[in-house]
Amino acid sequence: MNPRPVDFKFSNYISQGFDLLKANFMPIFLATLCTILMSIIPFCGVVAVSNLLKFIRKIDKGQQAEPSEVFNFGDFMKYFVPQLLIFAGVIALYIPYFVLLALTGMLRGEQPSGFVGLIMGLYVLFIVVVIFYFTLKGFYIIALMSLKNIADLKQAWNISKVMSTGNLIMIFLFSIVVSFLGEIGIILCGIGVFFTIPFIYCAHYFAYKDGLSQVEYDDITEIGQNY
């Protein structure tokens, strides 16, 4: 692979995701249900999404695929340790916050002073910024680990960090728009969510697919650049 900032084609991913879902609604719908069911099992949510992305790739390529393929625990350990590390990182991020709550008496219902309240507010803002930063910069991690079979979280993070350079705002807007379209399903009496969640995964799949295709190492192109 040749990691570099990608050209993030916002609207293309949404339209491609919708077209793929429209043409293959039932298998993708059933695979999404399997993903939801598997995600109920502790620490199996990421491997379920990984399997769903592989399933959608098969559908996109016109290959035979069964929704039951989502229930594959072969890569469980591949994602288990990274999930523990991320979980530990989030806990470590929140520890100072709860320490401040305890020291200021807010856990007992006491009102903090204006200065202390400002410090608390700034730290909450810091937490939000850190979470958003790592989420956006790590946008391609799940695709790198599932579709490119990269097992090392650090390597996936370093590649994703480069790929997302200059695209944080576009990735953020893409996530907002796709999530908003997904929320429409909740508005429709809650039933429609089963129709919009598959679309969210399809749109993300095409964002991952295009991003990865842009950073795949091309020997022929590289040779041409050297001469």
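The protein chain of this predicted model has 10 helices and 0 strands. The exercises below work through its architecture, its helices, its cysteines and its pockets.

**Exercise 1. Describe the order of the elements in the protein chain and state what share of its residues is buried.**

Solution. Reading from the N terminus on, the elements run α-α-α-α-α-α-α-α-α-α. For burial, the cut-off is a relative accessible area under 20%, and buried residues make up 37% of the 227 residues in the protein chain.

**Exercise 2. Check whether the span of helix α1 agrees with its number of residues, and then work out how its buried residues are placed around the axis.**

Solution. Step one concerns length: helix α1 covers residues 10-23, and at 1.5 Å a residue its 14 residues should span 20 Å, which agrees with the 21 Å between its end C-alpha atoms. Step two is to list the buried residues of α1, which are Phe10, Tyr13, Ile14, Gly17, Leu20 and Leu21. Step three turns to direction: because these residues cover an arc of only 140° around the axis, they lie on the same side of α1. Step four looks at the other side of α1, where Ser11, Lys22 and Ala23 are exposed.

**Exercise 3. Apply the test of length to α5, and name its buried residues.**

Solution. The 24 residues of α5 should span 34 Å at 1.5 Å a residue, and since its end C-alpha atoms are 34 Å apart, the expected and computed values agree. The buried residues of α5 are Met120, Tyr123, Ile127, Val130, Leu136 and Lys137.

**Exercise 4. Decide whether Cys34, Cys44 and Leu37 are buried or exposed, and state how many disulfides the structure holds.**

Solution. Cys34 has a relative accessibility of 12% and therefore counts as buried, and Cys44, with a relative accessible area of 3%, is buried as well. A search of the whole structure finds 0 disulfides. Leu37, which is found in helix α2 (residues 25-39), has a relative accessibility of 51% and so counts as exposed. From Leu37 to Ala48 the separation is 11 residues in sequence, and the C-alpha to C-alpha distance is 9.0 Å.

**Exercise 5. Characterise the largest pocket by its volume, its lining and the elements that contribute to that lining.**

Solution. Begin with the space itself, which amounts to about 1200 Å³ in the largest pocket. Its lining consists of 34 residues, and those nearest the centre of the pocket are Ile86, Phe134, Thr135, Gly138 and Ile141. Two or more lining residues come from each of α3 (45-60), α4 (76-104), α5 (114-137), α6 (141-146), α7 (153-163), α8 (168-187) and α9 (193-215). Among these elements, α4 supplies the largest share of the lining, 8 residues. By chemical class, the lining residues divide into 27 nonpolar, 7 polar and no charged.

**Exercise 6. Give the volume of the second largest pocket, and work out from which element and which classes of residue its lining comes.**

Solution. The second largest pocket has a volume of about 170 Å³. Lining this pocket are Arg57, Lys61, Leu147, Lys148, Tyr205, Lys209, Leu212, Ser213 and Glu216. The element that gives the most to this lining is α9, with 4 residues. Sorted by class, the lining of the second largest pocket holds 3 nonpolar, 1 polar and 5 charged residues, whereas the lining of the largest pocket has no charged residues.

Note on methods. Residues are numbered from 1 along each chain as its sequence is written. This is a predicted model: local features need pLDDT of at least 70, side-chain atom pairs count only at pLDDT 80 or more; totals for chains, interfaces and linings use all residues. Side-chain values use heavy atoms; hydrogens and water are left out. On a 1 Å grid over the protein atoms alone, a cavity is a set of points where a 1.4 Å probe fits but cannot get out, and a pocket is an open set with protein on both sides within 12 Å along at least five of seven lines; lining residues have an atom within 4 Å of a point. Grid points are joined across faces, edges and corners, and a volume is the space filled by probe spheres set on the points. Ala, Val, Leu, Ile, Met, Phe, Trp, Tyr, Cys and Pro count as nonpolar, Asp, Glu, Lys and Arg as charged, and the others, Gly among them, as polar. The expected span of a helix is 1.5 Å times one less than its number of residues. Buried means under 20% relative accessible area, exposed over 50%, partly exposed in between (1.4 Å probe, protein chains only). The arc is that of the directions from the helix axis to the C-beta atoms. A disulfide is a pair of cysteine sulfur atoms within 2.5 Å.
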